[in-house]
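Me: Please take a close look at one part of the backbone where the torsion angles deserve a second check. Then place that part in the context of the whole chain, with the cut-offs behind each term.

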Amino acid sequence: MDTTSLWRATAPAAPGFAMLQTDISTDVLIVGGGITGVTLAMLLARAGRQVVLLEAGRIGSGTTGNSTGNLYVTVSEGLDSLVRRWGQDIARQVVDERRGAIDFIQLHAGSESGLRRCPMVQYAFSDSMREGIESEQKALAALGVPHRLTSAVPAPLPQARGNVLVIDDQAQFHPQAYVAQLAWQAAQAGAQIHEHTRVLEIDFKARSAATATGTVTAKEIVLATHSPKGLHPVHAQMPVHREYVLARPLGGPDPGPGIFWCQGDESLSLRTMEAGGERYLVCAGDELKTGDHNAEACLMALETNAEKQLGPGEWSHRWSAQNYRGADGLPYIGRDIRGSFIATGFSTDGLVYGTVAARVIAAQLGGHATAVFGELCKPGRLSPVKGASALLEEAGTTAKALLKDYLTHRQEQKLTSLAVGDSAIVEVEGESFAAWRAPDGELFAVSPVCTHMGCKVHWNSVETSWDCPCHGSRFSPDGTVIEGPAIAALRRKHIALATR
Ligand SMILES: Cc1cc2nc3c(=O)[nH]c(=O)nc-3n(C[C@H](O)[C@H](O)[C@H](O)COP(=O)(O)OP(=O)(O)OC[C@H]3O[C@@H](n4cnc5c(N)ncnc54)[C@H](O)[C@@H]3O)c2cc1C
Ligand code: FES
């Protein structure tokens, strides 16, 4: 299945950046060219710092170019929940930081980013969710966030049950176009950017990062890789989820610009967007634990639910992306125990939090105090009470994955019985391998043991990848790392031996 996002499919063609070809040294090395890394590169270069950015794929090819492109002052878990965990003063600071980041994005967005101000609309379409909307409205009122209540929503959105909560003056854009043009702004300001340059090893003491084509030595390293690479205490604190997204040409009524969060037993996040003279409806569903669900069944369930609520139609784009949630509801931003900088735990709010993170880290690297927000989000914090349930959920998932796979072996099958398009854990000469036979018959066999911390990977049939349920590392069928904390590829099994 083609899982190219609508944004990546419709972004204006952008000239690429050359691969790194030699060993270099720099002031600041940024690993990762999503919204966090690119914004930081632009800020540092404009401040006169020498900066190198290395991106494993193309700029925006991580979560940024696979998101939904909405910019809002609130957070997906709800401000009501944030107030309960942290109190009103901190929730207000979160809103202020996020508002500042949205204004910053607007200031730097070129016309190709299609940024538009729009309302954010939250409502329940099933009675069971009405209470949540009422609590959220009370939280907004208590925090002084301007909002209004109405009762109707435009077609073709599912009909509202109870009040419809509207926060005006939010924004939405084309995330891939934005990040691509920001990368060029960074390059013009002097940042050295290299695409198709995967960091394969990091020596945090020596402050150097090795790639297949050169090593970068830096005074400071920033891991803008969405989840920090290698072993890091923060991984034990962050539940990891995938979300599926659909898009189709808008055949019927147009709800107009807006961020529509429609809460039901299965919730939908909806928006429209225009590309190449076509209007599209974009629709995201609930999040699911990475490596712990049947991807194809979940995508089909989303299609069924979306069609039930919005009417039938042909989906032209289907894709998926990953989020990492901070255990206590806040992201982790700043210098970590290894001496490098990290920016993670953004939940599904990271186009704004990634921009916040870039501004916080740029200020910290510039020696400026970042007031309370940088202190609040520092990676070393641990708030057992505020994050207790997420920590338990995460520890439970990891323990479950380790136990399920090491004590009760998944059923193994013979390699010869693996049909075209099928995947399985197969046994070859007494050893287990994660195998997939491609549609053209080619066989891929790799170790099923995740190179991050040893959990066993699970097949994702939608994206043809091996996904780790513990901390979200994902690998392509040949073992190459796609995303997550793992740095090393899954060990490959020699095909000649594997096909015996
Ligand atoms: C379905 C979905 C919808 C979302 N919608 C929204 C939304 O509407 N609004 C919002 O605010 N947030 C949204 N989010 C969250 C937001 O998209 C992310 O939090 C944000 O894009 C993260 O940006 P980033 O730059 O930190 O990471 P990424 O965009 O993932 O960038 C990290 C980059 O690092 C690179 N990288 C990784 N490893 C290496 C390596 N070893 N060497 C070199 N490069 C490497 C990757 O290739 C990648 O390009 C959504 C998330 C999901 C899952
Ligand atoms: S991602 Fe941590 S063990 Fe796989």
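Reply: His196 is found in the loop between strand E7 (192-194) and strand E8 (201-203), where helices (H or I, at least four residues) and strands (E, at least two) are DSSP runs numbered from the N terminus. This is a predicted model, in which local features need pLDDT of at least 70 and side-chain atom pairs count only at pLDDT 80 or more, while totals for chains, interfaces and linings use all residues. Residues are numbered from 1 along each chain as its sequence is written, chains are lettered from A and ligands numbered from 1 in the order in which they are written, and side-chain values use heavy atoms, with hydrogens and water left out.

The phi of His196 is near 50°, a positive value in a residue other than glycine. Most residues other than glycine have a negative phi, and most peptide bonds are trans. His196 counts as partly exposed because its relative accessibility is 43%, which falls between buried (under 20% relative accessible area) and exposed (over 50%), with a 1.4 Å probe and protein chains only.

Two further backbone features can be set beside this loop. Asp169, with a phi near 65°, is also a residue other than glycine with a positive value, but Asp169 lies in strand E6. A cis peptide bond, with omega about 10°, joins Ala155 and Pro156, and Pro156 lies in the loop between strand E5 (148-150) and strand E6 (164-172).

As for the surroundings, the secondary structure of the protein chain comes to 11 helices and 24 strands. The radius of gyration, taken over C-alpha atoms, is 22 Å, close to the 23 Å that the globule rule gives for 500 residues, so the chain is as compact as a globular protein of that length; the rule itself is 2.2 Å times the number of residues to the power 0.38. The C-alpha trace spans about 65 × 55 × 50 Å along its principal axes. Of the 500 residues of the protein chain, 58% count as buried, whereas His196 is partly exposed. Contact means heavy atoms within 4.5 Å, and residues 24 or more positions apart account for 70% of the contacts in the chain with a separation of 6 or more. The accessible surface of the chain, from the Shrake-Rupley method with a 1.4 Å probe, comes to about 19800 Å², of which 53% belongs to carbon and sulfur atoms.
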